[in-house]
Structures are given as C-alpha cells and as structure tokens.
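The following exercises are to be worked with the sequence and the structure in view. Each task is followed by a solution in steps.

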Amino acid sequence: MDETSLLQRRADGSAGPIRRTALHDTLVNHLRDMIIEGDLEPGTRLHEGQLGEQLGVSRTPLREAIKYLASEGLVELVPSRGAVVKRFSPKDVHDMLTVLRTLEELAGSLACEAASDQEIAQVRALHDEMIDRYKAADRLQYYKLNQDIHTAIVRLAQNSSLTDIHAMLQTRLKRIRFIGHEGPEKWAAAVGEHEEMIAALEARDKARLSEVLGRHLFNAWDRVRASL
C-alpha cells in the first residue's frame, strides 16, 4: 500500500475523477475501531513506534491520526505521557448520556414531522441491514449501523445545531455504546428497542418515537454502568 494515499476508481468502473482515500482516514478509522472494540483500552498509552510497527506505517501519518482522535475526544494528549486513550468517569458517561437522550428525544419528534417518505425508507434499509448483522453475530458492523441509524434520525430533524452537538457526544461515547451490547440479553434488548424505533418512525408517531429513543438511552446507562 502506498503510504501517502490509496487511489480508488469510481465504484462503477467508468471513466471520470479518481477518488482519493487518504492514509490518514484509513488510520483514523482503524485506530478508532481498536478503541471501540477494546484493543486499545482506556488509559492505554499510544506508543507511536510500537503502533507504527504493528500497522506498518511511519510515525508522521500515525501522529496526525492520533491528533485527530484527540480532537474527537477519544484520545487525550497528556503532558509528559503523550497520547492516552481517554478514560471517562462514570459521572462523565452518565452526564453525556443524559444530554444525548434529551437531544434524541427532540430529534425523534422533529424527524416525524420533517422527514420525507424516501428518507424514512433509507433509515428502514439501515435498520434491516443492522438486523442482518445481528443475526450473523457481527458485532462491530452491527454497532456501526446502529450508530448510523441514530445519526440518520437526528439528521432528519433538519436542525444543524442539534446535529453538530449530537455528533460530538456520539463520537465520545463510541466505546461506551459498544460495550452496551456485551452479552446476548443486553444485545437482544437493544435490538428490540430499535424495532420499536423504526415502527414509530414509519408511523410518524412523534410521541412514541421520542419515548422509545429516550428509553433506549436511559437503558444504555444501565447496560454500561457496571463496566465503568
């Protein structure tokens, strides 16, 4: 792989501009997944030399990727220690989930009023794909689709301030939300709540969607609190 970039032609193979996929993006996504899945646990120091050797990249792009993750709030740059995977206290997590719950309750209500039928159908498609990943026990891809659904519902609210604040909190809670699916009972319960969400969205029942989103995030705290 060219360390500076990967060049990928358009998916349909036709002539036209070549889409550039930077090594930076590849590294950011890979390191983020390592944090989400717990390969890099909270409090872990990110040694550029060791990580670079493990991933087959030099220190410069790795350093830039780590800085980007720090801007997302997943990594902390600590004087004299360098880069460390961010460790959130139970209160930090509870506070963020409380705000996230309020944002999604509002977003659900607004989405039912503002979304087009086509946009709702797109969320349904994400949901169906997520269920397929659940049945296949593909936890990481399930999780990513799960987060895509929450993001999509918030975007349907058509409120840029709401979208921006939600994106920041959702990014910081990535690892926390992932561990909320540990164990078959917790995972099944979360899936059941998502089934309720999509049904409420398709019915444009804003009170019901707001309630189930709030309940889903309230339950998220109960699912993760013992792991913090």
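**Exercise 1. Backbone angles in loops**

Task: In this predicted model, state which loop holds Ser-80, what sign its phi has, and whether Ser-80 is buried or exposed.

Solution. Step 1: Ser-80 sits in the loop that joins β3 (75-78) to β4 (82-85). Step 2: Its phi is positive, about 75°, although Ser-80 is not a glycine. Most residues other than glycine have a negative phi. Step 3: The relative accessibility of Ser-80 is 78%, and the cut-off for exposed is over 50%, so Ser-80 counts as exposed.

Task: Carry out the analysis for Arg-204: in which loop is Arg-204 found, what is its phi, and what is its relative accessible area?

Solution. Step 1: Arg-204 belongs to the loop between α9 (184-203) and α10 (206-224). Step 2: Its phi is near 55°, a positive value in a residue other than glycine. Step 3: The relative accessible area is 31%; partly exposed covers the range between 20% and 50%, and Arg-204 is therefore partly exposed.

**Exercise 2. The length and burial of a helix**

Task: Compare the expected span of helix α6 (residues 139-156) with the distance between its end C-alpha atoms, and state how many of its residues are buried.

Solution. Step 1: Helix α6 has 18 residues, and the rise is 1.5 Å a residue. Step 2: The expected span is 1.5 Å times one less than the number of residues, which gives 26 Å for α6. Step 3: The end C-alpha atoms of α6 are 26 Å apart, which agrees with that expectation. Step 4: Of the 18 residues in α6, 13 are buried, and the helix is thus mostly covered. Step 5: Just after α6, Gln-158 takes a positive phi of about 60°.

**Exercise 3. The largest nonpolar core**

Task: State how many residues form the largest nonpolar core, and identify which element gives the largest share.

Solution. Step 1: The core has 23 residues. Those with the most contacts inside it are Val-123, Met-130, Tyr-142, Ile-153, Leu-156, Leu-201 and Leu-209. Step 2: Two or more residues of this core come from each of α4 (90-114), α5 (117-135), α6, α9 and α10. Step 3: The largest share, seven residues, is given by α9. Step 4: In soluble globular proteins, nonpolar side chains tend to be buried together. Step 5: For a view of one member, take Val-123: leaving aside residues up to four places away in sequence, Val-123 touches Ile-149, Ala-152, Ile-153, Leu-156, Ile-198 and Leu-201.

**Exercise 4. Enclosed cavities**

Task: State how many cavities of 30 Å³ or more are found in the whole structure, and describe the lining of each by class.

Solution. Step 1: The search finds two such cavities. Step 2: The largest cavity has a volume of about 70 Å³. Its lining is formed by Arg-177, Gly-180, His-181, Ala-190, His-216, Ala-220, Arg-223 and Val-224. Step 3: By class, these are three nonpolar, three polar and two charged residues; α10 gives the most, with four residues. Step 4: The second largest cavity has a volume of about 30 Å³. It is lined by Val-123, His-127, Ile-149, Ile-153, His-194, Met-197 and Ile-198. Step 5: This second lining has five nonpolar, two polar and no charged residues. At least two residues come from each of α5, α6 and α9, and α9 gives the most, with three residues.

**Exercise 5. The largest pocket**

Task: Give the volume of the largest pocket, and determine which helix supplies the largest share of its lining.

Solution. Step 1: The largest pocket holds about 240 Å³ of space. Step 2: It is lined by 13 residues, of which Pro-42, Arg-175, Ile-176, Ile-179 and Leu-228 are the closest to its centre. Step 3: Helix α8 (residues 174-179) supplies the largest share, three residues. Step 4: By class, the lining divides into eight nonpolar, one polar and four charged residues.

**Exercise 6. A helix residue and its contacts**

Task: Is Thr-171 buried or exposed, and which residues does Thr-171 touch, not counting residues up to four places away in sequence?

Solution. Step 1: Thr-171 lies in helix α7 (residues 160-172). Step 2: Its relative accessibility is 15%, and buried means under 20%, so Thr-171 counts as buried. Step 3: With those sequence neighbours left out, Thr-171 touches Glu-72 and Leu-74.

Terms used. Residues numbered from 1 in each chain as written. Predicted model: local features only at pLDDT ≥ 70, side-chain atom pairs only at ≥ 80, totals over all residues. Heavy atoms only, no water. Buried < 20%, exposed > 50% of the residue type's maximum accessible area, 1.4 Å probe, protein only. 1 Å grid on protein atoms, 1.4 Å probe; cavity = no way out; pocket = protein on both sides within 12 Å on 5 of 7 lines; lining within 4 Å. Points joined across faces, edges and corners; volume = space filled by probe spheres on them. Nonpolar A, V, L, I, M, F, W, Y, C, P; charged D, E, K, R; others polar. Core = buried A, V, L, I, M, F, W, Y, C linked by side-chain atoms within 4.5 Å. Contact = heavy atoms within 4.5 Å.
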